[in-house]
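Trainee: Could you walk me through this structure? I'd like to start with a single residue and work outwards.

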Amino acid sequence: MASEPGLRLVHGQGSGGDIDALLTRVARGDSEAFGQLYDEVAAAVYGLARRVVRDPERAEDVAQEVFLEVWRKAPRFDRRLGKAKTWIMTITHRRAVDAVRRNEADKRHDQHAVPDEPDREDPGEAVILAEEHGEVRDCLDTLTELQMESVRLAYFNGYTYPEVATLLDRPLATIKTRMRDGLIRLRDCLQGA
Amino acid sequence: MSDLHTLSGAYALDALSGDEAREFEGHMGDCASCSIEVLELREAAASMGASQALTPPPALKARVLAAAERQPQLPPLVTHLDDAGKKRRRRRIAIGAAAAVLAAVAGVTVTQTQGGPELSRPVAAVFHAPDVHSTQVRTSNGGTITVATSQQLDEMAVDTHQLPALSKAKVYQLWSIVAGHPSSAGLLTDVAAGRAMPLPPHGAAVAITIEPAGGSRQPTSQPIVVLSPSRV
């Protein structure tokens, strides 16, 4: 799977309602709906996996695991407890972070100063612009430096909050509150956007 | 709010260790506002994740679809309870969860949803756990209880709404029996609410007896049911 995509715009990322409806059909074993669901969210799933685990082949493995979990657990998805896309991204993040932690020794070399996207390791590959991209970036800009660093190191690098505290040389309690404050600010900004 | 509450951000970022995450999940079972906050923070985190979208290699789709073809889907939760109680129970959980969402969004402190009998929140949390195992058991006095366990939450719960009503002079009492020694695990004063408790240690049993109102220090009657939660 060495083919590298160029810079392209991903369409249809904002259609959260469709994703919910598709997942409802997937829950009934509808494999055609599953294919459509894949088309809707594959770029988000693969992109996040790629950002966290970095290695393209491992990111593909993570993405495949994610979709299998979505398929298997769709009948248990509870719409009252959040949006389908959030559920899928939560599974993606958890699996990506698990993959990183299983393999941390060789994968997480000195990334104290976290590069912004695109990753330093892959200068040839551009991040595709999702519709969320600009909005999220603008909202991240409303965070304080420490909030943003704490959130990013945890979310994109898979560090635990004690690891983030060590990296940023701050007390544990500070880091855990910054993570919470930061996400709350991001939430409020995205809701207002 | 306890100190645990401030871990919601780290939890939503998957930045807790496995043990801490389980502890926090247990806490969320008792704290509706924490669950709501986590849902919202997760949504914010998910937007960050989605902002990284990148076209996957085209061959991935065929692999995913082929793999899904070979994988059975999980049954919906509590499916094997194919009686009328199932619908009622799920509906009651649903109403409870929806009410909690509305109350939290409105900034109201969630103490109890108004009106009719329903499962208590800690009980509903166990029935809702991703790794829930549940089973129905008949009791010797002609009732049925549903037992659910979750290793993740380290909790078990009993839904007791199908137990026969007792006179005011009597009460159902729960017991945890470790190495043959019963100790009280609480009274079922509200059978509709059910009861949640920490998972007893492996090999321990849980029993229900009918006791005089106010409960007893030691069981004074034969249990109407004895359970081994580790086998649920």
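Trainee: Okay, B:His133 caught my eye. Leaving aside its neighbours within four places in sequence, which residues is B:His133 in contact with?

Mentor: Keep in mind that this is a predicted model. B:His133 sits in strand E1 of chain B, residues 133-138. Skip whatever is within four places in sequence, and the contacts of B:His133 are B:Ala148, B:Thr149 and B:Val232.

Trainee: How far apart in space are B:His133 and B:Thr149, C-alpha to C-alpha?

Mentor: Those two are in contact. Along the sequence, 16 residues separate B:His133 from B:Thr149. In space, C-alpha to C-alpha, the gap is 5.4 Å.

Trainee: And does B:His133 count as buried, exposed or partly exposed?

Mentor: Count the C-beta neighbours inside 10 Å: B:His133 has 14. Buried takes 20 or more and exposed takes 12 or fewer. Since 14 falls in between, B:His133 counts as partly exposed.

Trainee: Let's zoom out to chain B. What pattern does chain B follow along the sequence?

Mentor: Chain B has 6 helices and 8 strands, and 42% of its 232 residues are buried. Going along the sequence, the helices and strands come in this pattern: α-α-α-α-α-α-β-β-β-β-β-β-β-β.

Trainee: Some of those strands must team up. In what order do the 4 strands of the open sheet in chain B stand?

Mentor: Build it up from the pairs. E4(B), residues 170-178, is joined to E5(B), residues 181-188, by 7 bridges, and to E7(B), residues 205-212, by 8 bridges. Then 3 bridges join E7(B) to E8(B). The pairing is antiparallel, and the order is E5-E4-E7-E8.

Trainee: Which strands stand at the edges of that sheet?

Mentor: Look at who has a single partner strand: one side of each such strand is left without a neighbour in the sheet. From one strand to the next, the twist averages 30°. The strands at the edges are E5 and E8 (225-227) of chain B.

Trainee: Can we go down to residues? What is the bridge partner of B:Val178 in E5(B)?

Mentor: E4(B) and E5(B) form a hairpin with 2 residues between them, and B:Ala179 in the turn has a positive phi of about 50°. Elsewhere in this pair, B:Gln173 is bridged to B:Leu187 in E5(B). For B:Val178, the partner is B:His181.

Trainee: And over on E7(B), which residue in E8(B) is the bridge partner of B:Ala207?

Mentor: E7(B) has E4(B) as one partner, where B:Ser176 stands opposite B:Val206. E7(B) and E8(B) run antiparallel. There, B:Ala207 is bridged to B:Val226.

Trainee: Now for the two chains together. Which helix gives the most to the side of chain A that touches chain B?

Mentor: In this contact, 65 residues of chain A meet 49 residues of chain B. The elements giving two or more residues on the chain A side include H3 (56-73), H4 (84-102) and H9 (172-192) of chain A. By class, that side has 33 nonpolar, 16 polar and 16 charged residues. With 12 residues, the one that gives the most is H2(A).

Trainee: How do H4(A) and H3(B) lie, roughly parallel or roughly perpendicular?

Mentor: Their axes are 9 Å apart, and the packing angle is about 70°. Angles from 65 to 115 degrees fall in one class. So H4(A) and H3(B) are roughly perpendicular.

Trainee: Which residues of H3(B) does H4(A) meet there?

Mentor: By class, this contact has 4 nonpolar, 5 polar and 3 charged residues. H4(A) brings A:Lys85, A:Thr86, A:Met89, A:Thr90, A:Thr92 and A:His93. On the H3(B) side they meet B:Arg42, B:Glu43, B:Ala45, B:Ala46, B:Gly49 and B:Ala50.

Trainee: Last one. In the largest nonpolar core, which residues touch the most other members?

Mentor: In soluble globular proteins, nonpolar side chains tend to be buried together. Here the largest core has 76 residues, and H2(A) gives the most to it, with 13 residues. One of its members, A:Ala154, touches residues of both chains, including A:Met179 and B:Leu13. The residues touching the most other members are A:Val45, A:Ala49 and A:Ala154.

Conventions
Residues numbered from 1 in each chain as written. Chains lettered and ligands numbered in written order. Predicted model: local features only at pLDDT ≥ 70, side-chain atom pairs only at ≥ 80, totals over all residues. Contact = placed C-beta atoms within 7 Å. Nonpolar A, V, L, I, M, F, W, Y, C, P; charged D, E, K, R; others polar. Axes fitted to C-alpha atoms, helices over the stretch in contact; angles between N-to-C directions. Parallel < 35°, antiparallel > 145°, perpendicular 65-115°, else oblique. Pairing = 2+ DSSP bridges. Core = buried A, V, L, I, M, F, W, Y, C linked by C-beta atoms within 7 Å.
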